[in-house]
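These are my notebook entries on the structure shown below. They record what I looked up, in the order in which I took the topics.

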Amino acid sequence: MRTLVVGAGAVGGFFGALLLDAGRDVTFLVRPARAEALAADGLVVHDGDTSTVTRVPTVTADRLADTSWDLVLVTVKEQALDAAIVDITPAVTGDTVVLPLLNGMRHLDRLRDAFGEAVLGGVAVVASQLRPDGSIDLLGPDRFMRYGEPAGGRSTRIETVDATLSGAGFDTVCSADIVTDMWDKWIFLASAAALTTLLQATVGDITATDHGPSVARAVIDECASVAAASGVTVRPQVIDGARTRLVAEGSPFTASLYRDMVAGRDVESDSVITDLVRRADRLAVSVPLLTAASVNLSLYRSRR
């Protein structure tokens with residue numbers, strides 16, 4: 001499949017570089033300045049003491065209509081999604097498949113409004129961060145992608161997507177229940193983000209206080225209650241895993257959203273936290289800790 005990766009950041013850059021190294025037909029959609037930097041330096045990924053440089057083909061939005069695309073991987077953050085939809089519209093034609101790898105669920109509705117049944121569901125897990133120089137730091141061992149039909153089950157097109165993405169140096173799952181997979185990730189991510197941004201500390205520091213573990217468990221329970229009220233059955237191992245990781249003694253773990261706050265960057269709080277609060281309000285579910293985290297993040301963004 002001729003694949004367009006929208007964005008060459010911490011997620012798209014990492015997965016796209018591996019796909020290229022595995023011989024897949026991949027091009028990155030980037031802004032002109034990023035295209036110039038990638039042409040000069042390549043896409044650099046740091047993994048511990050090892051650094052790799054991949055020479056990557058790029059295209060800018062004004063040239064998208066010149067080529068047909070089979071698969072579009074949308075890897076931008078929520079703040080850039082509206083602009084990305086405008087940019088990729090000329091690229092989504094005929095049998096093009098759109099696979100978003102964003103956090104939360106809200107982006108699915110926005111993409112479906114634009115591209116209808118072309119949109120699949122997807123989950124990407126990689127602990128990575130973009131350096132100021134445009135290179136990518138890998139911060140943890142998890143590196144996998146799940147994807148599937150939003151309605152469930154298998155299809156010819158998802159089998160083709162699976163053949164394109166699998167065997168490229170990261171774990172993949174062609175899921176028959178991708179919506180539940182997306183909620184599973186959202187519950188953990190929102191719990192971790194709300195906890196660390198609200199209390200402004202690592203999991204280990206929070207756990208070391210008298211009431212830190214009880215706050216962590218309460219945040220997880222709030223997130224799970226919104227899922228349950230939405231008709232989603234979160235897998236028990238997801239809740240158990242969150243309760244283990246977010247009360248681990250001495251853990252240096254923080255959510256990427258917290259790391260963005262500490263660095264003074266914009267944060268994708270709307271899709272990760274605030275959308276859960278909106279859903280809770282509609283469903284009459286009490287989520288005081290999530291609400292406080294949402295207000296805190298809104299104040300942070302307004303101060304920026």
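**Entry 1: a hairpin and its strands.** I began with the hairpin of strand 3 and strand 4, which has 2 residues between the strands. In this hairpin glycine 48 takes a positive phi near 65 degrees. I note here that the model is a predicted one. Strand 4 covers residues 50–54 and pairs with strand 3 in the antiparallel sense, over 5 bridges. I looked up one position in this pairing: histidine 46 stands opposite serine 51 in strand 4.

I then asked in which sense strand 3 and strand 9 pair. The sense is parallel, over 3 bridges, with strand 9 spanning residues 136–148. For aspartate 47, the bridge partner in strand 9 is leucine 138. Strand 3 itself runs over residues 43–47, and because 4 of its 5 residues are buried, it is largely enclosed by the rest of the structure.

**Entry 2: helix 1.** I turned next to residues 12–21, which form helix 1. Of these 10 residues 8 are buried, so the helix is largely enclosed by the rest of the structure. I listed the buried residues as Gly12, Gly13, Phe14, Phe15, Gly16, Ala17, Leu19 and Leu20. After helix 1 comes glycine 23, and I recorded its phi as positive, near 90 degrees.

**Entry 3: nonpolar cores.** Which residues touch the most other members of the largest nonpolar core? I found Leu4, Val6, Val74, Phe115 and Ile273, in a core of 68 residues. Helix 6 (residues 178–199) supplies the largest share of this core, with 12 residues. I also noted a second, separate core of 33 residues, which includes Ala8, Val30, Leu73 and Leu138. As background, nonpolar side chains tend to be buried together in soluble globular proteins.

I followed leucine 4 further, leaving aside its neighbours within four places in sequence. Its contacts are Thr27, Phe28, Leu29, Val59, Leu64, Trp69, Leu71, Val72, Leu73 and Ala91.

**Entry 4: threonine 96.** I located threonine 96 in the loop between helix 3 (81–88) and strand 7 (97–100). Is this threonine 96 buried or exposed? Its relative accessible area is 4%, so threonine 96 is buried. I then examined the polar atoms of its side chain. One lies 2.8 Å from the backbone oxygen of tryptophan 69. For the backbone oxygen of alanine 91, the distance to a polar atom of the threonine 96 side chain is 3.5 Å. With neighbours within four places in sequence left aside, threonine 96 is in contact with Trp69, Asp70, Val72, Ala91 and Ala118.

**Entry 5: aspartate 240.** I placed aspartate 240 in helix 9, which comprises residues 236–245. Aspartate 240 is partly exposed, at a relative accessible area of 46%. I also computed a C-alpha separation: aspartate 240 and isoleucine 220, 20 residues apart along the chain, are separated by 9.8 Å.

**Entry 6: cysteines.** How many disulfides does a search of the whole structure find? I recorded 0 disulfides. I looked up the accessibility of two cysteines. Cysteine 174 has 14% relative accessibility and therefore counts as buried, the cut-off being under 20%. Cysteine 223 is buried as well, with a relative accessible area of 0%.

Methods
Residues are numbered from 1 along each chain as its sequence is written. This is a predicted model: local features need pLDDT of at least 70, side-chain atom pairs count only at pLDDT 80 or more; totals for chains, interfaces and linings use all residues. Side-chain values use heavy atoms; hydrogens and water are left out. Buried means under 20% relative accessible area, exposed over 50%, partly exposed in between (1.4 Å probe, protein chains only). A nonpolar core is a set of buried Ala, Val, Leu, Ile, Met, Phe, Trp, Tyr and Cys residues joined through side-chain atoms within 4.5 Å. Contact means heavy atoms within 4.5 Å. A polar contact is a pair of N or O atoms within 3.5 Å; within protein, one must be able to donate a hydrogen and the other to accept it, and residues adjacent in sequence count only if both atoms are side-chain atoms. Two strands pair if DSSP finds at least two bridges between them. A disulfide is a pair of cysteine sulfur atoms within 2.5 Å.
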